2 protein chains.
Amino acid sequence: MVNDPFRALSHPIRRGIVERLAEGPATVGEATGGFGVSKPAISHHLKVLEETGVVTRVAEGRTHRLSLEPDVLSVAADWMDRQRALWGRLFDVVDEYLKEEESQ
Amino acid sequence: MVNDPFRALSHPIRRGIVERLAEGPATVGEATGGFGVSKPAISHHLKVLEETGVVTRVAEGRTHRLSLEPDVLSVAADWMDRQRALWGRLFDVVDEYLKEEESQ
DNA sequence: GATACCGTTCACCATGTGGTTAACGATCCG
DNA sequence: CGGATCGTTAACCACATGGTGAACGGTATC
């Protein structure tokens, strides 16, 4: 299960990187500054984001330009939507049950 | 970061359990059958789901009734929605970036 | 009471994860 | 050329994760 967007999002630093890239492409330095960890640690998180397909990278001179891959993230977003649709229906079932209780 | 729904969802077996519970409460056996791992492994995954607040449990005789906690899962679902709203605008951002490149 | 069943805990193991410092390669700039 | 900058790789470490078989505690069933 190497290509798993949920795995990519399971660490707060990686979610932070995704948040910044959701606003637009950025270099490694721009996208990862201020997390309070060393550069190798950042490099590792970027590797995970690349392996899972969430982020792509293009070398530009001595910097790298990072971009989000919405299609891959959509796999996770769509899964969440499907589950939410189901558990939302559970609320309705409970509501109906409670109304039936009241009317008796 | 112990109470992190993303951590709960980072393993396919735990997502499978969530999928089943999204259709309604179930016992451990009902919710976790057929994953092809031993009972201790299942027990551990349930522990993670409980620790992260995604699942609650009520003992009923010798079985346990598991229920989903939508509020906790909504934290993850809402985050995904916010990001998706941002990366939905991303196509325009990329267009602008490419136009700036061309005009230079 | 004996036995089967549901699910957990215990002890253990292999691997993965996340972090560090040090060194490196490549690129830009004086 | 020489030095600063961007980001990676290498080597290492501590801890978390995910799995197993064995044993256990309650609860139902006969």
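Is E60(A) buried, exposed or partly exposed? In this predicted model, the relative accessibility of E60(A) is 31%. Buried means under 20% and exposed means over 50%. E60(A) therefore counts as partly exposed. The residue belongs to strand β2 of chain A, which covers residues 55-60. T27(A) is separated from E60(A) by 33 residues in sequence. In space, the two C-alpha atoms are 9.1 Å apart.

Aromatic contacts were examined next. Over all chains, the structure contains 2 aromatic pairs. One of them joins F6(A) and W79(A). The ring centres are 5.3 Å apart, and the planes meet at 80°. Planes over 60 degrees apart count as edge-to-face, so the pair F6(A) and W79(A) falls in that class. F6(A) sits in helix α1 of chain A, residues 5-8. W79(A) sits in helix α5 of chain A, residues 70-102. The two residues are 73 positions apart in sequence, so the pair ties together distant stretches of chain A. F6(A) is buried, and W79(A) is buried as well.

Chain B holds an aromatic pair too. F6(B) and W79(B) are arranged edge-to-face, with 5.3 Å from centre to centre and 80° between the planes. This pair also links distant parts of its chain, 73 residues apart. F6(B) lies in helix α1 of chain B, residues 5-8. W79(B) lies in helix α5 of chain B, given as residues 70-88. Both F6(B) and W79(B) are buried.

A charged side chain over a ring was found in each chain. In chain A, R20(A) lies over the face of F35(A). The distance to the ring centre is 4.6 Å. In chain B, R20(B) lies over the face of F35(B), at 4.6 Å from the ring centre.

How are the two chains related? Chain A superposes on chain B after a rotation of 180°, with a shift of 0.1 Å along the axis. The RMSD of this superposition is 0.2 Å. Such a relation is that of a two-fold axis. Within chain A, the C-alpha nearest the axis belongs to S10(A), at 3.0 Å from it. Both copies use the same surface: 85% of the contact residues of chain A recur in chain B.

Conventions: Residues are numbered from 1 along each chain as its sequence is written. Chains are lettered from A and ligands numbered from 1 in the order in which they are written. This is a predicted model: local features need pLDDT of at least 70, side-chain atom pairs count only at pLDDT 80 or more; totals for chains, interfaces and linings use all residues. Side-chain values use heavy atoms; hydrogens and water are left out. Copies are superposed by least squares on the C-alpha atoms of residues with pLDDT of at least 70 in both. Contact means heavy atoms within 4.5 Å. Helices (H or I, at least four residues) and strands (E, at least two) are DSSP runs, numbered from the N terminus. Buried means under 20% relative accessible area, exposed over 50%, partly exposed in between (1.4 Å probe, protein chains only). Rings of Phe, Tyr and Trp (its six-membered ring) pair if their centres lie within 6.5 Å; planes under 30 degrees apart count as stacked, over 60 as edge-to-face and the rest as tilted. A charge sits over a ring if NZ of Lys or CZ of Arg is within 6 Å of the ring centre and within 35 degrees of the ring normal.
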